[in-house]
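Student: I should like to learn how salt bridges and strand pairing are read from a model. Could we take the two features in turn?

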Amino acid sequence: MLSHHFARRLMVPGLAALLWGALATAAGAIEPPLTLEAAVRQGLARAPQLEARTADTAAAREEGARAGQLPDPTLTLGLSNFPVTSPGAFSLRSDSMTMRTVGVMQTIPSRAARDAERGLAAAQIDAAEADYVGAAQTVRERIADAWIEVWATQQKRALLGELRGESALAVLIAQARLRGGDGSATDALAARTDAATLDNRLEAVDADLAAAHTGLQRWLGEDAATVADTPDFQVLPVAPARLEQAIDQQAPMQAWQAREQVAEAALAQARAAKHPDWNVSVEYGRRAPYLSDMVTLQVGVSLPLFTRNRQDRGISAKQAQWDAVQADHEDARRAQREAVARAVVNWQGWGRQVQRYQDTLLPLARDRARTALASYRGGGALQPWLDARRDEIEQRLAYAEALATHARLWAALAYLLPNSETTP
């Protein structure tokens, strides 16, 4: 009776695993597995962040198109030589000099000021484009991280699922030895506990896998039943030496170059303020019917004579801001160089660990567990198998975490250069 009850409990997780596999197989038959390259491509096409940066760039271009243009002319309406005291106070006809005037005034900024305004607008366009490049790099990496989470969790699920058959076998052996009088109830309970513990781990991994799919769906707008085989995470699409040399070409650094250009253009605009601006105005004055109408033409020029506490202060402020941006740019360059070097070293180190798991640690753990189970089947103790089993599970879980860490480091390096592409 105990054996029958346990068999039913053992079948429930097994049927659930078979159903999960059947659903995944059916979904895969309908939709092909999603590759990393395809996920990144689809995510980029649907990323709201990139749509926002595209709009920012379009706005900067529109602003740039009007930069350096003359300001709108000013329409003036007036009353000249209007008497306000006697005799003839407040009369439009009492004095022959009284005129009703209409005119147009045009301000003409200096050529240097207009050129500086155009330069600042061009720098702001470059800054918007650099923000787009940086955002695209961030989006690529985050999509890759979401895809890698699904892939790594699938690997973990497969690694643990491979051990279910051995758990069932250990339970059957313990039951058979107990019925034959050669085993103990303690061993039978320990074997069942091990099987239940593995089922719990599988349940937790299934929940993690569902959450990972949700994270990937956030970028793709739809769910992917399975992900395809990965690119070779042991090989970068760009050589590490190239990454360490091309610091300024990397996406995170392009924003700094654009900021420096904006600061330089703002300095040029401040210097242009020392050049005089011009204005021209024309007025037409209408007098009494028996008198001649008048036309007035005026030309004005600003006189930047007292620049010490005006224009010079502005130039000094913009110069200081430019110096600050240059210093921050150099600091960011050094930080980026350090971050790339660290990422390369860590990626290489985790790659060696992954290889060691594959070549040595996992095979040794598998052989140890098989040997211990064979010994128990032949009449030995159960505890050596339980110890080997526990260690093998931990090794497999650690291997899955190493795969995920190595892949994420690969993604962080693979998308640093704007034009770099992953290879399937």
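**Reading salt bridges and a sheet**

Tutor: The structure holds 23 salt bridges. Please bear in mind that this is a predicted model.

Student: What is the general idea behind such a pair?

Tutor: Side chains of opposite charge can pair when their charged atoms come close. Here, E129 forms a salt bridge with R61, and their closest N and O atoms are 2.3 Å apart.

Student: Which parts of the chain does the pair of E129 and R61 tie together?

Tutor: E129 belongs to helix α4 (residues 111–161) and R61 to helix α3 (residues 48–66), so the pair ties together parts that are 68 residues apart in sequence.

Student: Is E129 buried, partly exposed or exposed, and how should R61 be classed?

Tutor: E129 is partly exposed, at a relative accessible area of 29%. R61 is also partly exposed, with a value of 45%.

Student: Which residue does R157 meet in a salt bridge?

Tutor: The side chain of R157 meets that of D206, with an N to O distance of 2.9 Å. This pair links distant parts of the chain, since R157 lies in helix α4 and D206 in helix α6 (residues 185–220), 49 residues apart.

Student: How is the accessible area of R157 to be read?

Tutor: Buried means under 20% relative accessible area. R157 has 10% and is therefore buried. Its partner D206 is partly exposed, with 22%.

Student: Where do E330 and R334 lie?

Tutor: Both are in helix α9 (residues 311–377), 4 residues apart, which is about one turn of the helix. Their side chains meet in a salt bridge of 3.2 Å, N to O. E330 is partly exposed, with a relative accessible area of 30%, whereas R334 is exposed, with 55%.

Student: Which residues are joined into one network by salt bridges that share partners?

Tutor: The network joins E162, E166, D194, R366, R389, E392 and R396.

Student: Let us turn to the sheet. In what order do its strands run?

Tutor: The order is β1-β2-β3-β4, in an open sheet of 4 strands with antiparallel pairing. At the edges are β1 (74–80) and β4 (294–301), each of which pairs on one side only. On average, neighbouring strands of this sheet are turned by 20 degrees against each other, direction ignored.

Student: How many bridges join β3 and β4?

Tutor: Strand β3 (residues 278–286) pairs with β4 in the antiparallel sense over 8 bridges. To locate the register, note that Y284 stands opposite V295 in β4.

Note on methods
Residues are numbered from 1 along each chain as its sequence is written. This is a predicted model: local features need pLDDT of at least 70, side-chain atom pairs count only at pLDDT 80 or more; totals for chains, interfaces and linings use all residues. Side-chain values use heavy atoms; hydrogens and water are left out. A salt bridge is a side-chain nitrogen of Lys or Arg within 4 Å of a carboxyl oxygen of Asp or Glu. Helices (H or I, at least four residues) and strands (E, at least two) are DSSP runs, numbered from the N terminus. Buried means under 20% relative accessible area, exposed over 50%, partly exposed in between (1.4 Å probe, protein chains only). Two strands pair if DSSP finds at least two bridges between them. Axes are lines fitted to C-alpha atoms, for helices over the stretch in contact, and angles run from 0 to 180 degrees between N-to-C directions.
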